[in-house]
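Open the structure in your viewer and set it to a cartoon view. The stops below say what to select and what is there.

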Amino acid sequence: MTVQTALLQGTKLLEEDSIAVPRLTAEVLLSHALHREREYLYAHPEEELTEVGWLHYGRYLHERLNGKPTQYITGRQEFYGREFRVTPDVLIPRPETEHLVEACVRRIRPGDKILDIGTGSGAIAITLALETEAQVYATDISRAALRVAGENGRKLRAPVRWLAGDLASCFASSSFDLVISNPPYVPKTDHPALQREVRDHEPEIALFAGPSGLEIYERLIPEAGRVLRPEGWLWLELGYNSLDPVRGMLGTGWGEITVERDLAGFPRVLGARALP
């Protein structure tokens, strides 16, 4: 079995099961099985696979055909130009969340104190720590997720302080200049309609907020108001159709409300400033 034949066979299997981007997926899985970069596959198409390489490739294809996301098979996902380790204990970072990071980077000043609530893999907190000169803290209710985040922080040499806790409960009032969060926002009622890769493999605690999908926002916004200093910023990623209800949760204590859209034109990011 050569590299070229393995790619052709893997692509055909993935196509027949309607897996998205079958050729790219086959390349990623084969390069992972061989412990090589994807470019190696094109430079050595006639190379014979070892028995171990073929067994690993076959197992990875089987897992993907059963719905396991490619990122959980390889344990890797790129975010903001950096590679992060991901496991089924954390949500896979999405490109859409880069809009949230970009909105914050533009407004962070050197020395600002930032809190990332519900950090998951640590992608947001680590990116902000490496892209700015801020002091970054991150919380998650899942200790398993914090272990993954801590590992990513060490690997990328990001000076983030990790704390286990519910939202910002472990911090005193008026502690931060900016609070950022990509909270769970999928309504529990949407569970049956989700893609099987998401429904069956990503952690429910990071996906579902409750029956309406707004439950975490309802708790997070007043909690952010408590820990933010006067004129501090709150930045949130928005779920589908959540702009109006989330904006409606901002009472008289908030101003300079800002909404940013993703590349598809959907409102993806909401920012608000705590009034003095």
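This tour goes through a predicted model, beginning with helices and moving on to a sheet.

**Stop 1: two helices side by side**

Select residues 3–16, which form helix H1, and residues 51–65, which form helix H4. Their axes come within 11 Å and cross at roughly 15 degrees. That angle is under 35 degrees, so H1 counts as roughly parallel to H4. The crossing of H1 and H4 is right-handed.

Now show side chains at the contact. On H1, pick Ala6, Leu7, Gln9, Gly10, Leu13 and Leu14; on H4, pick Trp54, Tyr57, Leu61, Arg64 and Leu65. Sorted by class, the contact of H1 with H4 has 8 nonpolar, 2 polar and 1 charged residues.

**Stop 2: another helix on H4**

Keep H4 and add helix H2, residues 22–34. The axes of H2 and H4 are 8 Å apart, and the angle between the helices is about 140 degrees. H2 is therefore oblique to H4. This crossing, too, is right-handed.

Which residues make the contact between H2 and H4? From H2 come Thr25, Ala26, Leu29, Leu30, His32, Ala33 and Leu34, and from H4 come Gly53, His56, Tyr57, Tyr60, Leu61 and Arg64. By class, the contact of H2 with H4 divides into 8 nonpolar, 4 polar and 1 charged.

**Stop 3: a residue in the first strand**

Select Glu78, in strand S1 (residues 76–79). Is Glu78 buried or exposed? Its relative accessibility is 56%, and the cut-off for exposed is over 50%, so Glu78 counts as exposed. Add Arg94, which is 16 residues from Glu78 in sequence; their C-alpha atoms are 8.9 Å apart.

**Stop 4: the sheet as a whole**

Hide the side chains and look for an open sheet of 7 strands, in the order S5-S4-S3-S6-S9-S11-S10. The pairing in this sheet is mixed. Strand S5 (160–164) and S10 stand at the edges; each has a single partner strand, so one side of each is left without a neighbour in the sheet. From one strand to the next, the twist averages 15 degrees.

**Stop 5: the parallel pair and the helices on the sheet**

Select strand S3 (residues 113–117) and strand S4 (residues 135–140), a parallel pair joined by 5 bridges. Within this part of the sheet, Ile114 stands opposite Val136 in S4.

Next add helix H8, residues 143–156. H8 lies across S4 and S5 and runs at about 170 degrees to S5. Then add helix H11, residues 215–227, which packs on the sheet and touches S3, strand S6 (176–181), S9 and S10. The direction of H11 makes about 155 degrees with that of S9.

**Stop 6: strand S11 and its partners**

Select residues 267–274, strand S11. How many of its 8 residues are buried? The count is 6, so S11 is mostly covered.

On one pairing, strand S9 (residues 228–237) meets S11 in the antiparallel sense over 5 bridges. The bridge partner of Leu234 is Ala272 in S11. Strand S10 (residues 254–261) also runs antiparallel to S11, and 6 bridges join them. Here Gly255 stands opposite Arg273 in S11.

Finish at the hairpin of S10 and S11, which has 5 residues between the strands. Select Gly265 there: this residue takes a positive phi near 90 degrees.

How values were computed:
Residues numbered from 1 in each chain as written. Predicted model: local features only at pLDDT ≥ 70, side-chain atom pairs only at ≥ 80, totals over all residues. Heavy atoms only, no water. Axes fitted to C-alpha atoms, helices over the stretch in contact; angles between N-to-C directions. Helix = DSSP H or I, 4+ residues; strand = E, 2+ residues; numbered from the N terminus. Parallel < 35°, antiparallel > 145°, perpendicular 65-115°, else oblique. Left-handed = near helix turned anticlockwise from the far one by under 90°. Contact = heavy atoms within 4.5 Å. Nonpolar A, V, L, I, M, F, W, Y, C, P; charged D, E, K, R; others polar. Buried < 20%, exposed > 50% of the residue type's maximum accessible area, 1.4 Å probe, protein only. Pairing = 2+ DSSP bridges.
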